Amino acid sequence: MATQKQVAEYFNVSDRTIRSWSKTPGFPKSKGAGGYDIRQVVLWRIEYLDSKCRARPDPALEEPADDEKELKLAEMRVKIRKAEIDIKHKEVDLEVKEGRFAPIEVITRTLEQVSVAIANNIDSLLPRLKKARPDISQEELDEVKNIIAVSRNEVASIEPDLSSFNASDYAGGYEGAESTQDADPSNSC
């Protein structure tokens with residue numbers, strides 16, 4: 001949740017602009033002091049700008065306007081599109097800051113650290129097993145070595161499955177995005 005000032009800073013506008021937006025139908029209501037949901041405001045803003053673009057009459061159906069009006073209209077469309085893109089980037093940044101998503105580099109580095117830790121534990125498994133059970137047979141040790149080898153080979157052959165990846169999922173928080181939160185909190189390692 002965010003205050004009016006934080007929402008204004010997020011959109012790089014004044015507090016007065018947010019007050020003005022709040023009078024527009026459909027603008028998300030504040031739930032008390034610091035009660036604005038920035039994601040809801042972002043979605044409202046995108047829909048609002050989109051409706052403004054759709055409300056414009058088709059230039060092909062209008063009488064030809066003079067060059068100056070046409071140029072201003074084109075400039076305004078570019079500004080609106082840039083604002084939409086900026087809003088989407090800020091929404092992704094917010095989700096990263098809130099810890100719901102992480103850049104792929106962070107996820108990759110974390111997985112590398114997990115792999116190194118697991119590999120170190122597996123490497124020390126056989127000596128620890130021999131120490132804990134000095135009477136263990138060579139046949140049993142060979143079976144453990146085989147299981148370790150099969151596991152390492154399986155892990156080494158894992159490739160990411162990008163067949164169902166959709167870049168728009170990342171910003172939308174849908175299936176396929178790199179979420180940093182477990183879907184099932186009881187299923188943590």
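**Note on an all-helix predicted model**

1. The protein chain has 8 helices and 0 strands, where helices (H or I, at least four residues) and strands (E, at least two) are DSSP runs numbered from the N terminus. This is a predicted model, in which local features need pLDDT of at least 70 and side-chain atom pairs count only at pLDDT 80 or more, while totals for chains, interfaces and linings use all residues. Residues are numbered from 1 along each chain as its sequence is written, and side-chain values use heavy atoms, with hydrogens and water left out.

2. Of the 189 residues in the protein chain, 20% count as buried, a word that stands for under 20% relative accessible area, with exposed meaning over 50% and partly exposed in between (1.4 Å probe, protein chains only).

3. The largest nonpolar core, a set of buried Ala, Val, Leu, Ile, Met, Phe, Trp, Tyr and Cys residues joined through side-chain atoms within 4.5 Å, has 18 residues, and Val7, Phe11, Phe27, Ile38 and Val42 have the most contacts inside it. Two or more residues of this core come from each of helix 1 (4-11), helix 2 (15-22), helix 3 (38-55) and helix 4 (67-97), and helix 3 gives the most, with 6 residues.

4. Asn12, in the loop between helix 1 and helix 2, has a positive phi of about 60° although it is not a glycine. Asn12 is exposed, because its relative accessible area is 67%.

5. Glu140 belongs to helix 7 (residues 138-156), and Glu140 counts as partly exposed because its relative accessibility is 38%.
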